[in-house]
Amino acid sequence: MSSATDDVIDLRRVLHKLVACREDLAFDEATALMERLVDGDFTPAQFGALLAALRMKTEHVDELSAFVHVVRARGRRVELGSDSERAVDLCGTGGDGPSAHVFNISTTAGIVVAGTGVPVAKHGTAAISSNSGSSDTLQALGIGVVSGPEDVRSCLAAVGITYMHAPVFNDGMRHLIALRRELGLHSLFNLLGPLANPAGVRRQMTGIYDARDLQLVGRSLAATGTLKAWVVHGRDGLDELSTMAPTDVITVDRGAVSELVVDPRELGLRRIDLAEVQGGWPAESARILRSVVDGTAGRARTEIVLLNAAAALVVAERAENLQEGLSVAEESIRSGAAVDVLDRWVAWSKAQEVHT
């Protein structure tokens with residue numbers, strides 16, 4: 001490792017390249033930078049300056065791919081065995097605007113998808129910019145954070161869905177979470193989660209808060225071996241498929257990258273207002289999640305979950321298109337399969353004495 005003085009000089013050179021020259025970092029350069037970030041070599045001020053500089057320049061595929069490479073190399077891996085090719089992940093990048101105020105749509109949709117028999121291996125963390133992240137909501141439901149790969153596999157086998165709390169599987173990222181929360185800045189780190197699933201899931205439905213990141217994440221997923229994915233951004237700013245406005249989508253299918261637009265009204269879904277899908281603190285978010293999967297929620301909350309579950313079912317190749325996916329997802333709720341998944345997940349967590 002270089003000296004502290006050399007570190008400062010090197011970072012200054014990098015910042016000059018990003019800010020003054022607006023040049024992208026090469027893969028090897030970005031890899032070395034990320035390794036030092038994970039090692040805690042930089043002060044909070046330096047960390048903040050770097051994130052801001054990358055965001056101002058606009059991140060490049062090589063930069064994101066290099067960061068993902070380091071996170072994967074440093075993290076704990078999970079082998080899913082026979083489910084590795086079938087499992088799907090549903091997650092969003094988070095951020096300000098509407099994304100910070102809605103309930104946990106992707107988590108709820110994941111339970112609905114699991115109710116159809118598709119294995120779900122979700123990767124997430126606690127709230128950074130919103131009131132309740134996936135980890136917060138699940139803990140409020142009585143579902144604890146698992147401690148390692150064996151618990152992840154056991155939960156998936158028993159319940160059909162499993163959850164990997166990012167800090168548990170990426171130790172080097174723990175000290176960066178507090179810094180990110182303090183900065184409150186949407187950054188390249190928001191994009192790492194969808195790309196660095198510890199189980200190496202090859203099917204993903206990923207929500208993007210910033211439209212500028214659609215192509216970046218889509219092409220990075222294609223470059224890192226993803227089999228099939230949808231990367232979505234609602235034109236209302238939502239990092240989900242939206243029922244408030246059309247949604248722009250980048251699709252990845254065995255290396256091929258293309259674009260499409262999803263209009264909820266063309267699917268027979270009514271356009272809603274943000275207030276109808278707003279969430280709250282973990283207890284409220286957990287209550288909303290349960291009401292959707294047990295079939296007692298209002299139509300607005302239910303339809304936005306069904307739409308996102310439908311997309312995940314297309315990615316999982318359980319449905320050929322969104323219309324079929326909506327029908328399959330709705331049956332998961334109507335039949336009681338979705339709430340059964342939730343109840344079995346809570347019971348499994350309690351039986352294993354998983355930490356909550």
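Is threonine 58 buried, exposed or partly exposed? In this predicted model, threonine 58 has a relative accessibility of 32% and therefore counts as partly exposed, since that class covers what falls between the buried limit of under 20% and the exposed limit of over 50%. Threonine 58 is located in the loop that connects α3 (44-57) with α4. Its backbone deserves attention as well: the phi angle of threonine 58 is near 85 degrees, a positive value in a residue that is not glycine. Most residues other than glycine have a negative phi.

A second case of this kind occurs at glutamate 317, where phi is positive at about 60 degrees although the residue is not a glycine. Glutamate 317 is likewise a loop residue, placed between α13 (299-315) and α14 (322-334). With a relative accessibility of 43%, glutamate 317 is assigned to the partly exposed class.

The loop that holds threonine 58 leads to α4, and helix α4, spanning residues 61-74, contains arginine 72. Arginine 72 is partly exposed, because its relative accessibility is 28%. Beyond its neighbours within four places in sequence, arginine 72 is in contact with Arg77, Leu195, Ala196 and Thr224. For one of these partners, leucine 195, the interaction can be specified: the side chain of arginine 72 reaches the backbone oxygen of leucine 195 at 2.8 Å. As for arginine 12, which is 60 residues from arginine 72 along the chain, the two C-alpha atoms are separated by 27 Å.

The description now turns to the strands. Strand β2, residues 120-124, has 5 of its 5 residues buried, and is therefore largely enclosed by the rest of the structure. The burial applies to both directions in which its residues point: Val120, Lys122 and Gly124 point one way, Ala121 and His123 point the other way, and all are buried. Strand β2 is joined by 5 bridges to strand β3 (residues 161-165), and the two run parallel. Within this pairing, alanine 121 of β2 stands opposite threonine 162 of β3.

One further arginine is singled out by an annotation. An unreviewed UniProt entry lists Arg180 under "binding site", and such an annotation may be inferred rather than shown by experiment. In the model, arginine 180 belongs to helix α9, which covers residues 174-183. Its relative accessible area is 12%, so arginine 180 is buried, whereas arginine 72, at 28%, counts as partly exposed.

Terms used. Residues numbered from 1 in each chain as written. Predicted model: local features only at pLDDT ≥ 70, side-chain atom pairs only at ≥ 80, totals over all residues. Heavy atoms only, no water. Buried < 20%, exposed > 50% of the residue type's maximum accessible area, 1.4 Å probe, protein only. Helix = DSSP H or I, 4+ residues; strand = E, 2+ residues; numbered from the N terminus. Pairing = 2+ DSSP bridges. Contact = heavy atoms within 4.5 Å. Polar contact = N/O pair within 3.5 Å; in protein donor to acceptor, adjacent residues only side chain to side chain.
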